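Me: I would like to know how the labels used for a structure follow from its values. Please take them one at a time.

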Amino acid sequence: MKKVVNDYIHLTSQSEVKRTKFGARARRLFLLKSMSMPVPRAVLLSIDAVRKIQSGKKIDTKGILAVFNEQEMFSIRASPEHWDWGGPQTILNVGLNDVKFSTLKMTLGETAAVKLYLRFILSFSIDIMRMDEHLFEDVLSEEPTDSSVALALKLYEDEMLSPFPQSPHDQLEQVLNSMIGAWSSTTARILRKAHNAPENAGVGFVIQCMVMGLGKRESGSGIVQFINPLDGSKQVTGRYLSQSQGRDALEGKSSLFLTKDARGRSLEEHMPEVFEQLCKFGNDARFITKDELELDFTIDGKKLWLLDAAPARRSARAAIKVLVDLVQDEIIDKNTAVKRVEPRVITELLHPQLSPLAKSEVICRGVAASPGAATGQIVFSSKMAQILALKEKPSILVKLETGPEDIRGMHFTKGVLTERGGMTSHAAVTARGLGLPCIVGANALKIDLKEKRIITKTGQTFNEYDFITIDGTSGKVISGKTDLVEPAFNDGLKTFLRWAEQIANLTIRANADTPADVTVARNFGAKGIGLCRTEQMFFEDDRLIVMREMIFADSNKERKVALEQLLPMQRADFMKIFKIMDGFPVCIRLFDPPLHEFLPRERQEMLELAEALDLSVSNIIERTKELSEFNPMLGMRGVRLGITLPEIYEMQVRAIFEATVLAQKSGMLIVPEIMIPLVSTQKEVELVKVSIESTANAVKSETGTDFKYKYGVMVETPRASLRAGDIAKSVSFLSFGTNDLTQMTYGLSRDDAGRFMRDYVAKEVFNEDPFRTLDKDGVGELLLLARDRGRGQNPILSLSVCGEHGGDPTSIKFCCEAGFNYVSCSPYRVPIAILAAAHYELGK
């Protein structure tokens with residue numbers, strides 16, 4: 001004989017109801033009960049009891065039903081430990097049978113009783129016994145009568161080969177077993193996992209006496225919450241429907257508004273005393289539960305009952321507003337407010353999002369590379385994006401993949417869609433820096449550049465200038481225009497982020513390359529620039545031609561003439577950046593990419609360059625071939641370029657130092673940080689260091705001004721991590737460029753990984769995309785090894801991560817645990833990083 005499970009309690013105002021034992025729903029109902037609010041009698045089945053039932057033990061239905069009298073029915077609601085873990089839908093009117101049906105016909109009238117019993121029969125048959133809904137088509141197609149009930153009961157018996165259960169004990173046992181089974185289903189586990197629920201996530205149940213909401217006196221049911229779900233402002237919203245149960249009010253055409261409304265009748269006018277009482281309960285509940293709630297209520301003969309309480313529905317914008325108000329009303333403290341918001345939620349507040357009310361046709365999915373949504377006309381070139389922008393028409397730039405020559409066009413487009421690429425491809429990194437929605441790796445699309453069209457797997461064709469919408473948050477590509485919700489970096493969010501900053505110990509800097517990017521970073525709370533990629537400054541039209549002139553120079557002398565034209569441009573940019581950051585540190589990475597990236601790819605661009613430089617097109621083609629490499633990302637770039645063509649670094653370093661002198665003379669305290677990319681050996685570090693010291697001494701002598709600077713390297717190769725002890729002797733800091741370090745450690749092309757990454761994650765080859773979340777076991781071990789060896793030789797060595805992992809909450813936790821000094825990420829991810837760093841401190 002199976003052992004009977006009796007781990008349940010009768011809910012009273014004196015009960016001890018903990019969320020971890022009975023679930024979040026049970027806990028909220030207890031809090032309402034403890035305030036003497038009208039909550040119907042209920043039994044709470046514990047999470048442990050459910051686990052015992054799952055293991056095969058029997059439910060003590062006799063003990064549970066002893067709380068209710070023989071004529072009462074009851075509802076069963078799931079009570080998961082955390083409200084956002086979901087759960088099986090509520091079942092109403094359990095315990096209803098033929099005998100009670102006969103009684104209800106006398107007390108409620110035949111029409112109400114028939115609707116009630118029929119509702120339960122269908123709910124039990126379809127939701128609990130998993131019968132096909134189509135079996136009841138004849139029942140659903142006609143006006144409910146006594147014969148409808150008889151037909152439904154017969155259909156049940158014919159299908160199940162046994163009569164509809166009449167015993168409340170049997171009904172209770174079957175409903176609970178079915179709901180427990182639904183909680184354990186594969187689909188339910190997958191949905192919970194999306195909300196970070198553990199594999200053994202627990203659920204309890206609330207078995208509550210039914211308040212009918214039906215009767216000859218005024219009765220009904222409704223839903224209410226006390227905030228606007230979009231912005232969090234104070235507003236009573238919801239509906240009430242006379243002679244109804246559950247959530248019928250949300251669908252009923254004759255439902256009343258709750259407050260006075262020009263569109264129709266309201267509960268406030270119909271039953272002002274009940275409305276006033278409902279508002280009072282809502283306000284009191286806010287204080288006792290420390291949250292804004294959505295209340296399910298029933299009116300039975302003009303008496304108000306509260307059946308259920310859940311966190312009020314709210315957008316990310318509303319959630320921040322609610323928390324700020326709760327802190328200002330001294331209901332919760334700042335730490336609690338910060339802990340309640342997941343870092344990724346902040347994304348919704350910084351970028352346009354798809355309207356939740358909009359209907360859309362998804363034509364394909366790709367890698368969600370940069371969050372936010374955008375609608376625009378398809379264009380296949382950066383030049384066309386600029387042309388449409390001048391006409392004030394939005395565009396979506398569609399490419400096989402982007403390169404440095406597309407950066408200008410990306411400033412003019414609303415979003416970027418590429419067929420190739422992964423999380424750290426050029427398009428992805430640049431788009432995140434610009435705050436531009438971006439989808440990469442959309443290889444379900446075929447991009448036909450010759451015909452200027454894209455073709456989906458289903459054969460749909462979209463031509464240039466057709467409208468599409470991309471959602472860089474989900475990776476969806478959508479046909480046509482779609483309504484968007486604009487971002488809201490308002491005072492409430494700024495206040496909330498200030499609280500997070502006060503809690504976090506890890507410094508958050510930004511990867512920003514231009515004065516415009518730096519301004520965005522500073523506004524979002526960055527406490528410095530952790531990566532200023534100087535080559536990005538050269539892609540403006542007036543600079544690009546000079547840069548190309550330098551590349552085509554035949555001698556060092558000619559090269560220096562071109563560089564002398566770039567010097568004042570770089571100096572002016574650095575001066576602007578120093579001014580914007582106003583004393584916060586700025587880490588400037590010297591030139592990194594291979595030179596061929598600055599050369600034209602299309603023949604028309606080659607012709608224009610030939611005219612500008614007074615060369616033949618064949619000269620342009622020949623020089624382009626000379627600079628091309630089999631694997632340019634592992635070729636003549638970074639420090640290798642700086643050592644081979646030292647005049648490039650000399651010009652950049654001089655521009656930094658001259659800007660530093662000008663900044664100091666204007667009253668700013670600046671200590672620039674100069675970073676060398678793609679280092680592998682200590683000798684590389686020493687050679688560049690000598691050159692920088694020579695330039696620094698020259699500028700000091702020329703200007704008569706002393707200044708300080710810091711020198712460090714960007715660790716992007718496994719060898720640099722392994723030899724960090726040697727390198728640390730010559731530098732002030734190591735900043736890990738985890739994009740390239742991940743690429744080299746795995747032997748993965750970050751531009752091509754998107755083709756198979758989803759399959760690898762789905763098949764659990766990788767737990768996560770290593771370009772999205774830091775690989776703690778492999779790349780992370782290199783970081784820790786470099787930390788130990790580096791600080792072993794230089795105890796005050798500063799350590800940081802400046803790859804895109806610097807904006808990933810899981811990776812930030814790793815950096816906090818490892819004792820790093822700061823992380824640096826795209827400007828639009830700075831608020832996310834601030835909040836993630838605060839969460840780490842609160843979770844210690």
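Reply: What follows is a set of questions and answers on a predicted model.

Me: Why are helix 33 and helix 34 called oblique to each other?

Reply: The axes of helix 33 (residues 809-818) and helix 34 (residues 830-843) cross at roughly 50 degrees. Angles under 35 degrees count as roughly parallel, and 65 to 115 as roughly perpendicular. The angle of roughly 50 degrees falls in neither range, and therefore the two helices are oblique to each other. The crossing of helix 33 with helix 34 is right-handed, and the axes come within 9 Å.

Me: Which residues of helix 33 and helix 34 meet?

Reply: From helix 33 come P809, I812, K813, C816 and E817, and from helix 34 come I832, A833, A836, A837 and Y840. By class, this contact has eight nonpolar and two charged residues, with no polar ones.

Me: What makes helix 20 and helix 22 roughly parallel rather than oblique?

Reply: Again the angle decides. The axes of helix 20 (residues 515-523) and helix 22 (residues 556-581) cross at roughly 10 degrees. The cut-off for roughly parallel is under 35 degrees, so helix 20 and helix 22 are given that label. On the helix 20 side the contact is made by P515, V518, T519 and R522, and on the helix 22 side by D573, K576, I577, I580 and M581. The residues of this contact divide into five nonpolar, one polar and three charged.

Me: How do you know whether G780 is buried or exposed?

Reply: Buried means under 20% relative accessible area. G780 has 0% relative accessibility, so G780 counts as buried. G780 is found in helix 32 (residues 779-793). Leaving aside residues up to four places away in sequence, G780 touches D775 and F814. The C-alpha atoms of G780 and S811 are 9.3 Å apart in space, although the two residues are 31 apart in sequence.

Me: Why is C802 not counted in a disulfide?

Reply: A disulfide needs two cysteine sulfur atoms within 2.5 Å. The closest cysteine sulfur to that of C802 belongs to C587 and is 7.2 Å away, which means it is too far for a bond. By this rule the count of disulfides comes to zero. C532 is likewise in no disulfide, as its nearest cysteine sulfur, that of C587, is 8.9 Å away.

Me: What makes C532 and C802 count as buried?

Reply: The cut-off is under 20%. C532 has 1% relative accessibility and so counts as buried. C802, at 2%, therefore counts as buried too.

How values were computed. Residues numbered from 1 in each chain as written. Predicted model: local features only at pLDDT ≥ 70, side-chain atom pairs only at ≥ 80, totals over all residues. Heavy atoms only, no water. Axes fitted to C-alpha atoms, helices over the stretch in contact; angles between N-to-C directions. Helix = DSSP H or I, 4+ residues; strand = E, 2+ residues; numbered from the N terminus. Parallel < 35°, antiparallel > 145°, perpendicular 65-115°, else oblique. Left-handed = near helix turned anticlockwise from the far one by under 90°. Contact = heavy atoms within 4.5 Å. Nonpolar A, V, L, I, M, F, W, Y, C, P; charged D, E, K, R; others polar. Buried < 20%, exposed > 50% of the residue type's maximum accessible area, 1.4 Å probe, protein only.
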